[in-house]
Amino acid sequence: MTAPTFPMHVSVTDARAHLSALLPERTPETVPLAQAYGRTLAHDVPALVSHPSATESALDGIAAREADTLGATPDAPVRLRVIGESRAGAAFTGTVGAGECVRIYTGAPLPAGADAICPVEQLTDDGPEGVLLRRAASPADVRHEGGDFRAGEVVLHAGQVLTAPRLALAAALGHAQLSVQRRLRVALLSTGDEVVPPGQPLTAGQVYDSNSVGLHAMLLEAGCEVLPLGHAPDSPLALQSAIDAAGGADVLLTSGGVSMGKYDFMRDLLVEQGRVSFWKVRMRPGGPAILGGWNGLPVFGLPGNPVSSLVVFHVIVRPALTGQPPQTLRLRAATPFRALPDKTAFWRGVIDGGTVHDYGQQGSGILRSLSDAGALVIVPEGQAVQPGDDVDVILL
């Protein structure tokens, strides 16, 4: 390998920034609500209507004037005359006067003159046109027009990811379609002579391809469109052929072949025939990551060790792809977490209430640790964490 002419041992923050700078700008596109789940809003979303669209009842019962019902008890009920009903889609059009009420149902408009609701559980019929109230009607059971949102109010904001509740809210706002960021197209390639697809028999020294499965799922969680390139052996020609098949992608994500070994050909290809933005990150696990380019295509090379690969994705790649920093919590350390003198450590931790303790096995080949642990504990360079210290953790 030729002498490096690019940054080495960059910080995690700089690694994210380098990758973000190579990604294309996400242009907006408009999609129906049914296709918008998991997408990121490109623009603010205002309410086209108010909700509720009219002052309405929060429950089944009767609508009345509160003043007419004060003092009602089970032993001394108040009698009102029923003059009609109001239900969703068929409002009562008259006015409630003194001593009168209207039967009302959840979501139905409150009649003119009424200002309170008495629930059906507190009512007893008293003839065809009468009802006895065993408690006073309450204004608290009235939903006022625009109490949730008003027409013209911005309710959803650009940059928010469309979850199921947000999609339901968008529909309530009156929108049948939304402007969202175009999905990034990410080509995914795993490498290595020792890597075998799950389901096939293994020989000594071989491993199943867990990286491509985990990374594919994580790319989908990040809202990306995935272009699977399968697997390439440790051969420069095979790797070149696989990379050339990534046409149309916005970025290529690879796993394996980026460390310092004789057969780390992905690193060699980028260094000698492509372009390198940086090689190696001051972090553990995951230090050997490399960022470069191949014929104009950004290429991010993840380490082959499964824990390293997935941790680098969590810490660097996903934030760059989504534009969102990792989700973190501030917790109390229940056990010590050791520091590294020149690297930020991301140790696996187990959350227990408001505390986090060391998972124990921190080797980059212990893949089950990412399944069992709930967090990555961030230990800055040279700053050991002692029991009782507050620490930042990234939720897995």
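Is Arg39 buried or exposed, and what is its relative accessible area? Arg39 is buried, at a relative accessible area of 6%, where buried means under 20%, exposed means over 50% and partly exposed covers what lies in between (1.4 Å probe, protein chains only).

A quick word on the ground rules. This is a predicted model, so local features need pLDDT of at least 70 and side-chain atom pairs count only at pLDDT 80 or more, while totals for chains, interfaces and linings use all residues. Residues are numbered from 1 along each chain as its sequence is written, and side-chain values use heavy atoms, with hydrogens and water left out.

**Salt bridges**

Searching the whole structure turns up 15 salt bridges, each being a side-chain nitrogen of Lys or Arg within 4 Å of a carboxyl oxygen of Asp or Glu. Here are some, including the one made by Arg39.

| Pair | Closest N to O | Separation along the chain |
|---|---|---|
| Arg39 and Glu29 | 2.4 Å | 10 residues |
| Arg79 and Asp126 | 2.6 Å | 47 residues |
| Arg282 and Glu381 | 3.0 Å | 99 residues |

Glu29, the partner of Arg39, is partly exposed at 31%. Glu29 belongs to strand β2, while Arg39 sits in the loop between β2 (28–32) and β3 (45–46); strands are DSSP runs of E with at least two residues, helices are runs of H or I with at least four, and both are numbered from the N terminus. Arg79 is partly exposed at 45%, and so is Asp126 at 30%. Arg282 counts as partly exposed at 28%, and Glu381 does too at 31%.

**Rings**

There's 1 aromatic pair in the whole structure. For that, ring centres of Phe, Tyr or Trp (its six-membered ring) must lie within 6.5 Å; planes under 30 degrees apart are stacked, over 60 edge-to-face, and the rest tilted. Phe278 and Phe300 meet edge-to-face, 6.3 Å centre to centre with 75° between the planes. Phe278 lies in strand β19 and Phe300 in strand β22, and both are buried.

**Cysteines**

With sulfur atoms needing to be within 2.5 Å for a disulfide, the count is 0. Cys101 has its nearest cysteine sulfur, on Cys118, 9.2 Å away. Cys101 is buried at 0%, and Cys224 is buried at 4%.

**Helix α6**

Helix α6 (residues 306–322) bends by about 45° at Phe313, the bend being the angle between axes fitted to the seven residues ending there and the seven starting there. Of its 17 residues, 16 are buried. Right after α6, Gly323 has a positive phi of about 75°.
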